[in-house]
Amino acid sequence: MERQIRRAAVIGSGVMGASIAAHLANVGIPCLLLDIVPSQLTEEEKRKGLTLDSNEVRNRLAVNAIKKLKKNKPAPLYDEDLASLITPGNIEDDLERIKEVDWVVEVIVENLSIKKQLFERVEKVWEKGIIVSSNTSGISINAMVDGRSTEFKQHFLGTHFFNPPRYMKLLEIIPGDETLTEIVAVMRPFCENKLGKGVVIAKDTPNFIANRIGAYSMHVTLNEMLAKGYTIEEIDACTGPAIGRPKSATFRTLDIVGLDTFVHIANNMYEKVSDEAEKKVFKVPEILQQMVDKGWIGEKAEQGFYKKVKNEKGKKILSLNVQTMEYEPQKKIAGASLEAAKMAKGAKQKLRALFSSEDRYAELAWNTLKEVLLYSAEKVGEIADSIVEIDEAMKWGFNWELGPFETWDAIGLEKSVHRMEKEGSSVPQWVKDWIEAGNTSFYKRKEGTTYFVSNDAYKQLEPNPKVISLRTLKEQNKVIKANSGASLIDLEDGIACLEFHSPNNAIGADILMMIEESIKEVRSNYDGLVIANQGRNFCVGANLMMLLMEAQDEEWDEVEHIIRLFQNTMYHLKRFEKPVIAAPHRMTLGGGVEVCLPADRVVASAETYYGLVEAGVGLIPAGGGCKELISRLSLTVTNPEVDLQPYVNKIFETLGMAKVSTSALDAKKLGYLREQDTVVVHQDHLLFEAKQAALRLVQEDNATKPEEDIRVVGSEGKALMQLGAYQMKLAGYISDHDQLIANKLAHVLAGGDVPAGTRVSEQYMLDLEREAFLSLCGEPKTRQRMQYMLSKGKPLRN
Ligand code: NAD
């Protein structure tokens with residue numbers, strides 16, 4: 001099918017509609033955002049003399065929703081300015097305008113008859129070719145278009161985003177009985193490649209995949225709590241990170257989702273499932289209904305299973321005692337199994353550690369998990385084609401580290417099935433047959449390929465050419481060189497990838513050494529280098545612990561040696577005659593940014609939180625960070641008549657305030673990324689796109705990277721910046737120590753005490769950075785900041 005999605009219309013501007021529109025804007029798709037026309041004027045509208053016929057009133061819901069997008073946290077937009085791509089309107093005056101778009105997505109209240117009425121109206125103005133979808137959480141796709149024409153039904157499907165759409169990876173696509181395969185063939189790659197989502201094809205069954213299994217899991221847990229008298233804290237301790245699930249575990253998640261919403265979903269499930277045993281699980285427990293009746297529905301009402309209270313000592317979170325229905329101080333939960341899980345690394349090991357004990361917590365985790373595994377196995381085929389969709393849906397929609405079948409493999413398939421049967425559970429026949437046939441897991445990996453069980457046989461998981469996995473390449477013996485902190489891996493086609501894998505990917509001597517080694521290796525045997533990794537974050541900076549230890553011992557020669565090593569390595573990377581691409585993702589801070597700055601191109605994941613944050617730990621960037629930003633400025637503003645000062649002031653402010661971007665686009669706005677640096681929306685495609693960028697540069701053959709002389713603002717500019725810092729101090733915005741750091745930073749960014757317009761060498765700038773850095777390391781308050789960051793993970797403003 002030829003049709004591409006270039007423009008869209010979102011109907012419904014509530015929580016989900018507005019943020020879906022925002023995500024479309026994020027990826028450059030203009031969209032209409034339509035909602036109902038208000039039936040009453042607000043007081044303010046009356047004061048302004050508006051009437052119900054005024055445009056401002058008629059579009060009020062969508063207009064306000066767009067305004068809210070700019071304030072919501074976490075930010076739905078990559079950059080506030082993108083809101084201009086969303087045009088507000090209403091369904092009375094503007095429904096006709098859906099003719100201008102390629103895709104209409106309905107995001108209105110979860111009510112079958114209201115949705116049906118809307119689609120009836122949409123069809124009246126709809127033209128063949130326009131794709132129409134619903135974001136319903138669980139209403140039947142077929143039922144919603146019952147009564148519509150065959151052609152309309154052929155263009156209709158479910159596109160179920162998870163909240164918040166920008167951040168949640170999962171998007172369930174649910175074809176209806178009559179949806180054309182061509183329509184799914186347009187939407188799937190669009191949602192993956194353009195919107196950056198992890199698409200799972202679901203069947204048109206109640207609540208589709210993730211909410212079906214997720215809700216089941218919640219109910220089983222709730223029922224277990226009520227039957228065995230566990231407390232809220234006990235349940236959350238056993239159903240969060242201990243089993244590879246998010247910290248919000250069961251009850252924090254319920255408070256966030258809203259107990260009213262949860263009850264609504266549960267009742268929907270209760271009505272729709274016919275199996276009696278299943279019905280019993282989805283029956284809303286009395287206590288939940290009582291809480292909803294009292295209005296204790298979670299975060300929206302500021303109380304649910306948890307309640308935040310303020311007293312003279314600050315904020316405190318109380319938890320509900322479900323026996324007495326009183327809020328009480330939280331109790332610490334400790335047990336051998338939980339301790340063992342805490343010590344273990346990764347979900348697989350945690351689960352194994354947890355089940356190696358037999359205390360009450362291991363029992364709770366087992367009893368709830370067992371039911372979810374069995375339920376998932378029962379539902380394969382009914383809600384999804386294979387176990388893969390179920391696992392992916394739970395990982396991408398509920399942030400579980402392992403899906404149910406991966407969990408089952410992790411705890412040992414045979415052993416656990418044996419235990420389930422011993423305890424009287426009914427294990428689906430296909431699982432028993434699979435084990436009977438001599439298989440010991442649902443998945444297996446062989447030479448970098450994954451196989452999964454499908455219709456009683458192992459089937460190969462089709463690799464996606466846009467997803468390059470470093471883990472797979474390592475399994476295929478593609479490691480060229482490695483040490484404790486980093487590896488150089490062959491990406492094929494003449495490109496090598498330098499991967500960091502130290503703790504938190506912090507940069508220490510091992511990584512610096514591997515960068516030098518990579519340059520040598522690529523110089524002799526490859527055409528280009530990509531610096532990327534697939535850890536949680538790209539790099540959180542230099543190894544602060546090592547630096548703090550040297551500074552505390554006053555080993556100044558050693559500190560100087562480390563900085564010199566960092567500077568020299570970055571310098572070599574910058575001068576390297578072959579293309580270098582840096583591909584950061586998520587947190588990329590301090591030294592992590594400094595590794596990207598010398599690259600010819602940065603290919604950044606859209607979700608990159610990028611910043612030179614050294615001031616937060618009492619320092620200034622000294623791995624070439626200051627020099628690079630000033631040098632770029634001098635390269636872009638080539639006319640010597642143009643005053644550099646306003647631009648340098650902006651850099652001063654960004655570094656002085658340790659600003660971190662909220663997205664890669666924001667990093668461009670902050671001046672950390674350049675025009676030629678690109679953004680990749682789907683994080684799993686980052687390495688592929690970085691490799692393509694390297695291959696393109698190989699073709700361009702830009703071998704010469706001459707030494708730069710840098711125009712600086714000198715002592716006058718420095719005085720201006722320092723004056724700014726002085727005024728901030730006087731106004732009480734910054735501390736004495738902030739001012740001291742700012743003064744040093746101003747000195748470096750200005751190029752020291754030289755006349756304005758002087759041209760200085762890169763090495764000169766690096767020397768300024770190093771001197772300032774060293775002197776700050778000698779400051780007790782800087783060391784306090786480092787210590788605080790290491791122990792608390794956040795900056796200290798002393
Ligand atoms: P919401 O209550 O925040 O917003 C609903 C919006 O629909 C409101 O702006 C309302 O004015 C508008 N609306 C009502 N009737 C309308 C009509 N006839 N025509 C046009 N607009 C109309 O709800 P929400 O949370 O954004 O949910 C919307 C849809 O998305 C539902 O189907 C819901 O199940 C689904 N969903 C919600 C979430 C979530 O976490 N909130 C997640 C996934 C899917």
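**Pockets, cavities and local geometry**

The second largest pocket is lined by 50 residues, and V540, G541, A542, L544 and M789 lie nearest its centre. The model is a predicted one. This second largest pocket holds about 1,300 Å³ of space. Several elements each supply at least two residues of its lining: α23 (509-525), α24 (544-552), α25, β20 (586-589), α26 (591-596) and α34 (780-792). The largest share comes from α25, with 6 residues. By class, the lining has 31 nonpolar, 13 polar and 6 charged residues.

Strand β20, one of the contributors to this pocket, also holds a residue with an unusual backbone angle. R586 is placed in β20. Phi of R586 is near 45°, a positive value in a residue other than glycine. R586 counts as partly exposed because its relative accessibility is 34%, between the limits of 20% and 50%.

Enclosed space was examined next. Rolling a probe the size of a water molecule over the atoms shows where empty space is left. The count comes to 2 cavities of 30 Å³ or more. The largest cavity has a volume of about 60 Å³. It is lined by 13 residues, of which M570, G623, G624, K627 and E628 are the closest to its centre. Two helices, α25 (556-575) and α27 (625-636), each supply at least two residues of this lining. Helix α25 gives the most, with 4 residues. Thus α25 is the main contributor to the lining of the largest cavity and has the largest share in that of the second largest pocket. The lining of the largest cavity divides into 5 nonpolar, 4 polar and 4 charged residues.

The second largest cavity holds about 30 Å³ of space. Its lining consists of I243, G244, R245, L369, W400, L402 and T407. Of these residues, 4 are nonpolar, 2 are polar and 1 is charged.

At the start of the chain, attention turns to helix α1 and strands β1 and β2. Helix α1 covers residues 15-26, 12 residues in total. From its first C-alpha to its last it reaches 17 Å, close to the 16 Å expected at 1.5 Å a residue. Of its 12 residues, 11 are buried. Among them are M16, I20, H23, L24 and N26. Just after α1, G28 takes a positive phi of about 85°.

Strand β2 (residues 31-35) is covered as well: 5 of its 5 residues are buried. Burial extends to both faces of β2, with C31, L33 and D35 on one side and L32 and L34 on the other. Strand β1 (residues 8-11) pairs with β2 in the parallel sense, over 4 bridges. In this pairing, V10 stands opposite L33 of β2.

An open sheet was found further along the chain. It has 3 strands in the order β12-β13-β14, with antiparallel pairing. β12 (443-446) and β14 (457-460) stand at the edges with a single partner strand each, so one side of each is left without a neighbour in the sheet. From one strand to the next, the twist averages 35°. Strand β12 runs antiparallel to β13 (residues 449-454), and 4 bridges join the two. One of the paired positions involves R445, whose bridge partner in β13 is T450.

Two cis peptide bonds are described here. The first joins K73 and P74, with omega about -10°. P74 lies in the loop between α4 (60-69) and β3 (86-90). The second runs from N163 to P164, with omega near -5°. P164 is found in the loop between β6 (156-161) and β7 (170-175).

A positive phi also occurs at F208, at about 55°, although F208 is not a glycine. This residue lies in the loop between β8 (198-201) and α9 (210-228). F208 counts as buried because its relative accessibility is 0%. E271, in contrast, counts as exposed because its relative accessibility is 63%, over the limit of 50%. E271 lies in helix α12 (residues 259-272). Its C-alpha atom is separated by 17 Å from that of I209, with the two positions 62 residues apart along the chain counted as their separation.

How values were computed:
Residues numbered from 1 in each chain as written. Predicted model: local features only at pLDDT ≥ 70, side-chain atom pairs only at ≥ 80, totals over all residues. Heavy atoms only, no water. 1 Å grid on protein atoms, 1.4 Å probe; cavity = no way out; pocket = protein on both sides within 12 Å on 5 of 7 lines; lining within 4 Å. Points joined across faces, edges and corners; volume = space filled by probe spheres on them. Nonpolar A, V, L, I, M, F, W, Y, C, P; charged D, E, K, R; others polar. Expected span 1.5 Å × (residues − 1). Buried < 20%, exposed > 50% of the residue type's maximum accessible area, 1.4 Å probe, protein only. Pairing = 2+ DSSP bridges. Axes fitted to C-alpha atoms, helices over the stretch in contact; angles between N-to-C directions.
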